[in-house]
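Q: I'm new to this one, so could you pick a single part and take a close look at it for me? After that, please work outwards to whatever surrounds it.

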Amino acid sequence: MITKNSKTYLLPQAGNFYKANLHCHSTVSDGKLSPEELKKIYKDEGYSVVAFTDHDVLVPHDDLRDEEFLPLHGYELEITEEKALDFRFLKTAHMTLVALDENNLTQICYHREKYFIGNGAKYRGEIKFDKSLPDFERKYTPECVNEVVKTAHEKGFFITYCHPCWSLENYNDYMNYHGFDAMEIYNNASGVGGFGEYNAKIYDDMLRGGEKLFCVATDDNHNVHSIKHLMNDSFGGFVMIKAEALEYGDITSALKRGDFYASQGPQFFDLYLKDGFVYASFSPCVTAYISCANRRTHVVCGEMGELITEAKLPVTEDDVYFRVTITDKRGRHANTRAYFIKDLI
Ligand SMILES: [Zn+2]
Ligand SMILES: [Zn+2]
């Protein structure tokens, strides 16, 4: 039992929640909607933050910024097998990079000719990169993935491991990746596209393997379907970031600290640790449960299927880490990140 009488807030007490989509494609690469159209539909749905992560093109969208909307600078980088096989069988490792500093617009691991997707090559003239470096050749190996992750950190990016199911990656692949800031516990485009992509098991695999990383839910929307279509890939995966203000630095510092949770719909309100228990309050859900590094768990649910809005979940020092999941009646989850006991006591 962890005995500590005062509350340890797992999400900061101060600040506001800002709804964010951290993985998004526009007409700058292979998305159907322009950045302006994306801002409109996301703002209308109550989002304050969108990270524009077009494939291999890091261009700013500062013109979209207003008091209630913050575009983050980012891009997605792919490292794909080059065996002479049908693309459908090729494994690939995708990652999104979000600039922590709004003035950081220099692409890392850049190649002047290769890897553009969709309209990407049209933006070649606008891309900033270190001209003193040779073209970076990507190789589908853990060493290459880890080199990109390391360089991304050195150059000030928040780097997220994306959609392992769609990528055909398995335990033997992702267990060799080190240093990601976060992984996609849910990717909506892949989820509604028939790939599953609710990756709670993979998140625990990585944590149990010794990685200390956060989890995010994202849309990875390309909007190739009508936004009224059932297979809409927008608005199904988001993060709620708790930050002081809707300022670039405040939002990215909160990301780096892990002051956010991932969701497909349900919302956490309060989350704190006190005297050996996690106390959580949230929007109406069917269950709330805690997962740890070991096999222990604790599930709270309402009598006769009644919905619950709070839970008291025990935590012990043996847990190494714990994380909380809530599930609503539509089967949608919200996930906290893993909290490591050592960091809390
Ligand atoms: Zn991808
Ligand atoms: Zn993507």
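A: Let's start where Val239 stands opposite Ala262 in strand S12. Val239 belongs to strand S11, residues 238-243, while S12 covers 260-263. Four bridges join S11 to S12, and the two run antiparallel. "Strand" here is a DSSP run of E with at least two residues, "helix" a run of H or I with at least four, and both are numbered from the N terminus. Two strands count as paired if DSSP finds at least two bridges between them.

A quick word on what you're looking at: this is a predicted model, where local features need pLDDT of at least 70 and side-chain atom pairs count only at pLDDT 80 or more, while totals for chains, interfaces and linings use all residues. Residues are numbered from 1 along each chain as its sequence is written, chains are lettered from A and ligands numbered from 1 in the order in which they are written, and side-chain values use heavy atoms, leaving out hydrogens and water.

Back to S11, which has another partner: five bridges join it to strand S2, again antiparallel. Lys19 has Met240 in S11 as its bridge partner. Is S11 buried or exposed? Six of its six residues are buried, so the strand is largely enclosed by the rest of the structure. Buried means under 20% relative accessible area, exposed over 50% and partly exposed in between, using a 1.4 Å probe and protein chains only. In a regular strand, side chains alternate between the two faces of the sheet. In S11 both faces are covered: Phe238, Met240 and Lys242 are buried on one side, and Val239, Ile241 and Ala243 on the other.

What packs against S2? The buried residues of helix H1 do, and they also pack against strand S3 (49-52). H1 runs over residues 35-44, and its buried residues are Pro35, Leu38, Lys39, Ile41 and Tyr42. Just after H1, Gly46 takes a positive phi of about 90°.

Ile241 of S11 leads us to the inside of the protein. The largest nonpolar core has 61 residues, and Ile241 is among those with the most contacts inside it, as are Leu72, Met95, Leu97, Phe180, Met183 and Ile251. Such a core is a set of buried Ala, Val, Leu, Ile, Met, Phe, Trp, Tyr and Cys residues joined through side-chain atoms within 4.5 Å. This one draws at least three residues from each of domain 1 (11-264) and domain 2 (270-345). The domain bounds come from an automatic or database assignment. The C-alpha centres of the two domains lie 27 Å apart, and their contact takes 18 residues from domain 1 and 18 residues from domain 2. Contact means heavy atoms within 4.5 Å.

Phe238, in S11, also touches Gly265. Gly265 sits in the loop between S12 and strand S13, and its other contacts, not counting residues up to four places away in sequence, are Arg332 and His333. Follow the chain onwards and you reach S13 (residues 268-274), which six bridges join to strand S14 (residues 277-285) in an antiparallel pairing. Across that pairing, Asp270 stands opposite Ser281 in S14. Both strands belong to an open antiparallel sheet of four, in the order S1-S13-S14-S17. At its edges are S1 (8-9) and S17 (308-314), each pairing on one side only.

Met183, another residue of the big core, has Cys215 among its contacts, along with Tyr161 and Phe214. At 1% relative accessibility, Cys215 is buried.

Last stop, the metal. Which residues coordinate the zinc ion (ligand 1)? Glu76 (OE), His94 (ND1) and His163 (NE2) do, at 2.1 to 2.2 Å. Donors are N, O and S atoms within 2.8 Å of the metal (3.2 Å for Na, K and Ca), and water is not among the atoms, so sites may look incomplete. Glu76 also bridges to the zinc ion (ligand 2), and the two ions lie 3.4 Å apart. Glu76 lies in strand S4 (residues 70-80) and His163 in the loop between strand S8 and helix H3, so this pair ties together parts that are 87 residues apart in sequence. Glu76 is buried at 0% relative accessible area, and His163 is buried too, at 3%.
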